[in-house]
Amino acid sequence: MNRRTSILFVFLFVFTLLSAPFVQPLQAAPPEPAPTQSAHTVYLPLLSSQPAPLDPFSIAVDPAVQPVTPSLPDLGDGVPRPLAALAGPYATNVSFVADELLLQTADRAVLDAFLARYSATLLLELDPADAGITDLTPLYLIRLPAGAGDAASLAADLATLAADRGEQAAGEHRISSPAGARVLSIAAAEALDGLAIAINWVGETTAIPGSTSEAASGPTWRGTPYTRNAYDWTYMSRGSTQDIGVAAAWSLLTQAGRFGNRVPVAILDKGFVRTADTPTDLRTATVIPFMGDPIGVSGDGRSPWHGTHVLNTAVGRADNGSGTAGVAPMGEAIAIYTGYDYVLSIAAVLQARSMGAKVINMSYSAPVPAIVSWTVLPFEATTAAVRRSGVLLFASAGNDGRDVDGRDCFIVCWEHTWHTPCENNGVICVGGLTWDAQTRDVDSNFGTRGGVQIFAPFEVYKGADPNAPDNDRNLGIIGGTSFSAPFTAGVAALIWAADPALNAEQVWTIMRDTAHVPGTLHVPRYVNAYGAVLRTIGTGVDVQITAPTSGTSHQEGLPLRLTARIGYVAERAGIPLQVQWRTSTGRILANQSFSPGIGEHSVDSNVTVSDLARGEQRVTV
């Protein structure tokens, strides 16, 4: 669904421009490209005049470029995992593990040869078949020894790989360390030899603290005072500016007798702890070897309990006096602790699939420059395969205020940055709406060519602060597309609860087709929970006779009063309810009472909505 494939017709004069030498470290001129398929190319009409060339391609080591953190926690073997960073001409720095590569192959001999070639160590083996994914080959996380690789040919190899995709290597690229340059050079050289290989990119959370005002009464945020009733929250209510109607959707599900349908929702994140809002039947797992119970293990310093707030946004408990609620309180919560590096993300996606998740959420992102976008392909193959298996995957668009569909053009056009996992095939990318409005939050990424498919609230109430676990009413606001994505995942769970027989594509179609279309810049649609659940349930009537109770006795000769509670699930203006009481003999009662004789009698309550729906219940006295 992103950067789809096409064939490039290469013109001879382009070769001359691409072959001009540049004087920069770690750089060489790209060779003549050959016609090939590209996952990133969009074709433009030929122009009557020659387009201006792009900025010259260069790649160099620059210690001023810094990764998000010096290293990642070890994988249980006590060996640190050092990080490097790459800064492209458009994206902010993107971090990666400086001594790891991911190899995907079905041939064990290919793996063994790779390990021998570099005296490398196998760290982790992922077999998608263990998760029921049979159309994806095994993946291997490999650690390279210190000093492995030679960056002398890196620039030339990257330029060749770009040309093979029908793109032009362009712009200044900077790497934080020689070790980072070497691991990139090994990946590029092996990719040229035909191996499916990837850099272990490290994503960052997309959460922005929104308020420091936390009190039992809750915050007043952007002029909106807090109320304890979720039916009145501006981003949950029906009839508000956003009119998302999450709470009203709960009522529809309850009236239809479907609120109890459980939908497994997996949150792939880190920083999980139990709070008043956390579902009591939370299931947990980790893909980090030897980690043990992930509950209570914090994440990074900027947002140490990121996973907790993300999980509670999607499936947090409702009506428990804690002060906030998730979109889908009936969701069956699965917390999978993972680093934000993409090898462990692949493992977590497969783990979620094996645990029966119907919905997967990933609230982190990495902007990978086009020159190395091919290194994301194994991750994309995983998300695409899991989507095909019947799972919906959601990811946050990011908080840089950027166009994820931004392009470079020279005769042809290609995306200059791959925002992963947001733009991966099989993933639904979610942007954020500003508070109490139908417009994009200024910090939310967007797409000008469909890269961000749907929007949801950017800021939500956060419940109990894990840093103050004894204060269940420590409320505040938290923001970011980190919460737009699980909000949308929660709406998917509501739809699935309304009809568990739906498949993943049907759920997404209902969500997409019922979404609000505000007509605001860069917001193609945003979630409409009430409309989606109403569409799923259709027109229906729920009838419950409240008196008499079935099996009770009544004195002969005295009027028997009949009462019933009628839940009118689908609202159809101008179509009246038609209520009818009938005895077991077929006698239609003119009033809501009758005088039975001695013996057993059955009474039916029959409610119809024109010819659209019917509800019926029987009691015997």
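Visitor: What makes the approach of the backbone nitrogen of glycine 398 to the side chain of threonine 481 a polar contact?
Guide: The nitrogen lies 3.0 Å from a polar atom of that side chain. A polar contact is a pair of N or O atoms within 3.5 Å, where one must be able to donate a hydrogen and the other to accept it, and residues adjacent in sequence count only if both atoms are side-chain atoms; the distance of 3.0 Å therefore satisfies the cut-off. This is a predicted model, in which local features need pLDDT of at least 70 and side-chain atom pairs count only at pLDDT 80 or more, while totals for chains, interfaces and linings use all residues. Residues are numbered from 1 along each chain as its sequence is written, and side-chain values use heavy atoms, leaving out hydrogens and water.

Visitor: Why is threonine 481 called buried?
Guide: Its relative accessible area is 0%. Buried means under 20% (exposed is over 50%, partly exposed in between, with a 1.4 Å probe and protein chains only), so threonine 481 qualifies. Threonine 481 lies in helix α9; helices are DSSP runs of H or I with at least four residues, strands are E runs of at least two, and both are numbered from the N terminus.

Visitor: How do you know that aspartate 157 has no salt bridge?
Guide: A salt bridge requires a side-chain nitrogen of Lys or Arg within 4 Å of a carboxyl oxygen of Asp or Glu. The nearest side chain of opposite charge, arginine 165, is 12 Å away, so the criterion is not met. Aspartate 157 is nevertheless buried, and it touches Ala188, Ala189 and Leu192, not counting residues up to four places away in sequence; contact means heavy atoms within 4.5 Å.

Visitor: What makes α3 mostly covered?
Guide: Ten of its eleven residues are buried, aspartate 157 among them. These buried residues pack against β4 (58-61), β10 (172-175) and α4 (178-192).

Visitor: What is the largest nonpolar core, and why is it called a core?
Guide: It has 162 residues, and those with the most contacts inside it are Ile360 and Phe487. The name applies because a nonpolar core is a set of buried Ala, Val, Leu, Ile, Met, Phe, Trp, Tyr and Cys residues joined through side-chain atoms within 4.5 Å. Helix α9 (residues 481-498) gives the most to this core, with twelve residues.

Visitor: How do you know how confident the prediction is?
Guide: The predictor's confidence in each residue is its pLDDT, from 0 to 100. The chain mean is 83, and 80% of the residues reach 70 or more. Over residues 1-25 the pLDDT is below 50, although this stretch has 63 contacts in the model beyond near neighbours in sequence. Where pLDDT is low, the predicted coordinates should not be read in detail.

How values were computed. Lys and Arg count as positive and Asp and Glu as negative; His and the chain ends are not counted.
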